[in-house]
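This report describes one structure, with attention to a helix, a contact surface and two sheets. Please keep the sequence and the model at hand while reading.

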Amino acid sequence: MVAIFVLALFLFILLVDLIVLRIQGKSHPAFEPALSQYDYLVHDGNVIHIPSNLFFSKGHTWLKKNKNGLMEIGIDPFGSTALGTLSILKCAEVGEELKRGGMIFEGSYGNKTVKFLSPVNGIVKSVNPGIIGKKISNPYESWGVQLVSNDSPENRDLFFSGSDALNWIKNEFSKLKYFIDDNSPIVEFVGETMYDGGSLSNDVVSLLLDQSINDFEKEFLSL
Amino acid sequence: MKINDILKPTFWKVVSVIIVTMGLFSTYYRFSLGLGLTTNLHDSVPWGLWIGFDFIGVGLAAAGFTIAATVHIFHIHKYEPLVRPAILTAFLGYSVVVCLLVVDLGRPENFWHPLVMWNIHSVMFEITWCLICYTTVLILEFAPVVLEKFKIKAPIKYLKIISIPVVIAGVIFSTLHQSSFGSLYLIVPGKLHPLWYSSLLPVHFYISCIAAGLSMIIFESFLIARAFTKKDGFHHTELKMDILSGASFAVLIALIAGFLLKIYDFIDNGKLPLLTVPSTETYLFYLEILIGTLVPIFLLSYKKLIEDKKWMYLTSICVISGLVLNRLNVSITGLAASSGVNYFPSFDEISITMMLVVLAIFAFRLIAKNFAVFVSNESENSVNENGTAKSKQIILSERYE
């Protein structure tokens with residue numbers, strides 16, 4: 001009977017906790033109502049496509065080794081749409097020796113510039129001039145920089161691929177909602193139905209606090 | 001943490017204060033009046049609720065060595081965010097066990113005797129030493145978190161150098177004493193009910209603690225999310241769903257291994273007919289297997305459920321409940337018939353136990369709030385060229401009570 005008593009006490013305490021939360025009008029993290037609302041993306045029509053031959057870094061760049069052994073690097077769907085449509089302002093220069101974590105792309109959302117970091121070590125072999133000064137409409141359309149690199153994109157501790165990459169990017173979009181919520185003085189202007197699956201306005205970045213772009217880089221673009 | 005926040009009454013704070021106050025009175029009575037007057041223990045039932053909770057506490061703390069070994073020995077770094085919570089849980093679990101053992105000793109002032117009066121043929125001697133050594137290992141494993149907080153850089157380098165041998169030592173000590181808790185009952189084949197008695201009892205204890213220890217970490221993750229954040233806690237604790245799903249899969253493997261071992265044990269020892277004998281022991285055995293093994297195996301077998309927060313939480317509760325039932329069945333239910341006494345713990349036994357559990361939860365909460373217990377994968381335990389720990393504390397803000 002001692003076993004039953006202890007088990008019943010344990011379950012009773014969990015039950016009381018749920019009742020207390022219910023009375024307070026809150027929900028337990030495991031039973032949050034309509035959890036799927038947090039899984040909605042924040043941009044219309046943003047069905048995330050993850051090509052199976054690409055790897056994704058935590059700094060929101062994609063990478064793959066081409067048949068010549070060069071590492072091709074571009075911006076992923078999150079990086080290209082997070083705070084509006086991204087324009088690439090400049091890339092690392094040809095011949096430059098890049099360390100992992102060094103600046104590889106500089107882009108802008110509206111009038112706010114952000115830096116994307118190199119996911120690997122290497123020497124810049126070539127830069128795609130076609131992406132400079134243009135808005136990224138399809139993140140996989142073309143690479144931005146080609147590197148000579150000995151690093152492997154298949155390091156699973158550093159890079160995501162396949163379903164891991166998809167889940168991770170979805171999670172990043174969910175985090176973005178909280179980020180915008182925390183960094184916008186009047187969240188209704190950003191998109192008042194954001195948490196219910198509504199889309200963000202196109203000019204989110206102008207509605208964020210001044211220091212938010214630095215926090216965005218730290219939160220989402222660091223490796 | 002502001003003083004006003006601490007003093008602001010909430011439902012669970014009030015309940016905790018009541019439990020701790022009653023526990024302190026019970027502790028005073030236990031030490032001033034003795035075991036005989038304050039507990040329902042006697043010569044026929046020398047081990048009761050406290051020993052049962054010792055088994056439970058140590059079993060649920062098993063994630064400390066499993067996660068540490070997974071990350072630092074097998075280099076599966078995906079689970080790094082679980083290392084520190086697991087070690088803290090283990091440390092607090094063992095602290096509760098040590099306190100309960102001292103309370104449970106007839107002559108608590110002699111608790112240090114096994115350190116100098118060696119009886120190398122006793123399983124309890126081995127358990128005592130393993131508990132002491134493993135608690136030391138846990139202190140060494142958790143020390144960097146404390147040192148980082150106070151910016152004491154130099155010792156972190158040395159702790160980093162010895163970290164692998166320390167983790168290996170922790171795995172060895174844990175393996176020894178987790179299984180030895182089962183070995184304690186090998187000397188009572190005529191007393192422990194055959195549904196639980198087995199020469200494989202040490203192996204059963206070892207495998208079940210792995211499943212329960214990992215489930216405890218999952219359960220705790222939800223508690224942390226519930227306690228510290230008003231939003232989805234996993235975003236704030238770095239305990240991502242994919243990490244917890246991976247831990248759930250390990251739980252599934254351990255549960256299946258334990259269940260297969262149990263089936264082998266029953267067939268090999270001809271114990272299957274016992275399952276048809278109508279008795280309290282049989283019903284409790286069925287409950288233990290159903291809640292702690294079959295239901296979780298069923299739930300964890302579905303990929304969709306293993307990735308669903310709700311089912312993951314419920315499954316962890318099932319596995320923890322299974323371990324609670326198993327340990328109490330072995331230490332109390334299984335011995336009741338042979339002792340001829342129907343033992344039920346006294347108010348003071350229950351009160352002291354609940355007080356220690358509440359204090360452990362309070363300590364976990366306090367440490368998680370003020371130290372870098374929840375850190376991201378890439379920063380855990382890493383030290384840069386200057387010897388500065390890079391662990392980034394996840395800000396646990398906006399309390400949710």
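Which elements of chain B do the buried residues of α1(A) pack against? The sections below take up that question after a short overview; the model is predicted.

## Overview of chain A

Chain A contains five helices and ten strands. Of its 223 residues, 37% are buried. Among the contacts in chain A with a separation of 6 or more, 63% are between residues 24 or more positions apart.

## Helix α1 of chain A

Helix α1(A) covers residues 2-23. Its 22 residues should span 32 Å at 1.5 Å a residue, and the end C-alpha atoms are 31 Å apart, which agrees. Just after the helix, Gly25(A) has a positive phi of about 75°.

The buried residues of α1(A) are Val2(A), Ala3(A), Val6(A) and Leu7(A). They lie on the same side of α1(A), because the arc they cover around the axis is only 155°. An α-helix has 3.6 residues a turn, so residues three or four places apart point the same way. On the face of α1(A) turned away from the buried side are the exposed residues Ala8(A), Phe12(A), Leu15(A), Ile19(A), Arg22(A) and Ile23(A).

The answer to the opening question lies in three helices: the buried residues of α1(A) pack against α4 (49-60), α14 (280-300) and α16 (309-339) of chain B.

## Contact between the chains

Between the two chains, 20 residues of chain A are in contact with 29 residues of chain B. On the side of chain B that touches chain A, two or more residues each come from α4, α11 (201-228), α12 (233-237) and α16 of chain B. The largest share of that side belongs to α16(B), with eleven residues.

Sorted by class, the side of chain B that touches chain A has 15 nonpolar, seven polar and seven charged residues. Helix α16(B) thus appears twice in this account: it gives the largest share of that side, and the buried residues of α1(A) pack against it.

## The seven-stranded sheet

Seven strands of chain A form an open sheet with antiparallel pairing, in the order β5-β8-β9-β3-β2-β1-β10. At its edges are β5 (97-98) and β10 (159-160) of chain A, each of which pairs on one side only.

Starting from the β5(A) edge, two bridges join β5(A) to β8(A), residues 122-127, and the two strands run antiparallel. Here Glu97(A) stands opposite Ile123(A) in β8(A). Strands β8(A) and β9(A) are paired in the antiparallel sense over four bridges, and Val124(A) has Leu147(A) in β9(A) as its bridge partner. Strand β9(A), residues 145-148, also pairs with β3(A), residues 71-75, over three bridges in the antiparallel sense. In that pair, Glu72(A) has Gln146(A) as its bridge partner. In a regular strand the side chains alternate between the two faces of the sheet.

## The three-stranded sheet

A second group of strands in chain A, with the order β4-β6-β7, forms an open sheet with antiparallel pairing. What is left without a neighbour at its edges? Strands β4 (86-91) and β7 (112-117) of chain A each have a single partner strand, so one side of each has no neighbour in the sheet. From one strand to the next, the twist averages 30°.

Strand β6(A), residues 103-109, runs antiparallel to β7(A) and is joined to it by six bridges. Across this pair, Ser108(A) stands opposite Thr113(A) in β7(A).

How values were computed
Residues numbered from 1 in each chain as written. Chains lettered and ligands numbered in written order. Predicted model: local features only at pLDDT ≥ 70, side-chain atom pairs only at ≥ 80, totals over all residues. Pairing = 2+ DSSP bridges. Axes fitted to C-alpha atoms, helices over the stretch in contact; angles between N-to-C directions. Buried ≥ 20, exposed ≤ 12 C-beta atoms within 10 Å, placed from the backbone. Contact = placed C-beta atoms within 7 Å. Expected span 1.5 Å × (residues − 1). Arc of directions from axis to C-beta. Nonpolar A, V, L, I, M, F, W, Y, C, P; charged D, E, K, R; others polar.
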